[in-house]
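Dear colleague,

Please find below the structure that I am handing over to you. A short account of what was found in it follows, written for a first reading.

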Amino acid sequence: MLNISTQDLRHAAIQFLQQSPPQRLQILKELGIARYEFLTKIRLNEANIICIIRFLQYPSKLKFPNLMGADLSGLILDGVNFIKGNLSGANLQGSSLVNADLLFVNFTRANLRNADLRCATVNETIWLDTLVDECKFGTGIGLTKLQRQDLQRRGARFNHSDDLD
């Protein structure tokens, strides 16, 4: 989709978000980015239009998910691979990221209130100004002792085991 105007990209992003999840998945397959299957679940709103534009602009050059400012609130994203993803400013409030691979993710100023990150792998993750009130974590998930203490001070909840209820 090179040399497409910003307006055309915006129109394509809106059209993508108006499709059903199976139709979206087919589009992602055609673009060679079906590994970003979670894009079939996101809502049509301004934050996600901007997010989808980034995915459509240069699909062959995508290496890591750029979800900066995206609205992923309330979604079931269990087992998702966001390794090296940019989720700064993203809204993940109330989302489930159980068993997700979140290594090297940037959560700067993201909203993870009431999110479920039990059994998620979060090694080398950035938590600067992240909202984590009532965010659920397990144990042994890749946080340093200082990160864990910081997140607990800001309202994160840690289970004594990673068992899923």
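How many aromatic pairs does a search of the whole structure find? The model is a predicted one, and the search returns seven such pairs.

One of the aromatic pairs is formed by Y36 and F38. Their ring centres are 6.1 Å apart and their planes stand at 85°, an edge-to-face arrangement. As for their surroundings, Y36 and F38 are both buried. These two residues also belong to a wider group, since Y36, F38, F55 and F82 form one aromatic cluster.

A further pair consists of W127 and F137. Why is this pair described as edge-to-face? The centres of the two rings lie 5.7 Å apart, which is within the 6.5 Å allowed for a pair. The planes meet at 70°, and an angle over 60 degrees counts as edge-to-face, so the pair falls in that class. The pair links distant parts of the chain: W127 is in the loop between α3 (46–57) and β1 (136–137), while F137 is in strand β1, ten residues apart from W127. Both W127 and F137 are buried.

Two rings have a lysine placed over them. K61 lies over the face of Y58, 5.5 Å from the ring centre. In the other case, the charged end of K84 sits over the ring of F104, at 5.9 Å from its centre.

I turn next to the helices. How do α1 and α3 pack against each other? Helix α1 covers residues 6–18, and its axis is 8 Å from that of α3, at an angle of about 110°. Angles of 65 to 115 degrees count as roughly perpendicular, and α1 is therefore roughly perpendicular to α3. The crossing of α1 past α3 is right-handed. On the α1 side, the contact is made by L9, R10, A12, A13, I14, F16 and L17. On the α3 side, it is made by E46, N48, I49, I52, I53, L56 and Q57.

Among these contact residues, N48 may serve as an example. N48 is located in helix α3. Is N48 buried or exposed? Its relative accessible area is 0%, and under 20% counts as buried, so N48 is buried. Leaving aside residues up to four places away in sequence, N48 touches L17, I42, R43, A70 and D71. One of these, L17, is also among the α1 residues that make the contact with α3.

Yours sincerely

Definitions and conventions:
Residues are numbered from 1 along each chain as its sequence is written. This is a predicted model: local features need pLDDT of at least 70, side-chain atom pairs count only at pLDDT 80 or more; totals for chains, interfaces and linings use all residues. Side-chain values use heavy atoms; hydrogens and water are left out. Rings of Phe, Tyr and Trp (its six-membered ring) pair if their centres lie within 6.5 Å; planes under 30 degrees apart count as stacked, over 60 as edge-to-face and the rest as tilted. Buried means under 20% relative accessible area, exposed over 50%, partly exposed in between (1.4 Å probe, protein chains only). Helices (H or I, at least four residues) and strands (E, at least two) are DSSP runs, numbered from the N terminus. A charge sits over a ring if NZ of Lys or CZ of Arg is within 6 Å of the ring centre and within 35 degrees of the ring normal. Contact means heavy atoms within 4.5 Å. Axes are lines fitted to C-alpha atoms, for helices over the stretch in contact, and angles run from 0 to 180 degrees between N-to-C directions. Angles under 35 degrees count as roughly parallel, over 145 as roughly antiparallel, 65 to 115 as roughly perpendicular and the rest as oblique. A crossing is left-handed if the near helix is turned anticlockwise from the far one by less than a right angle, and right-handed if clockwise.
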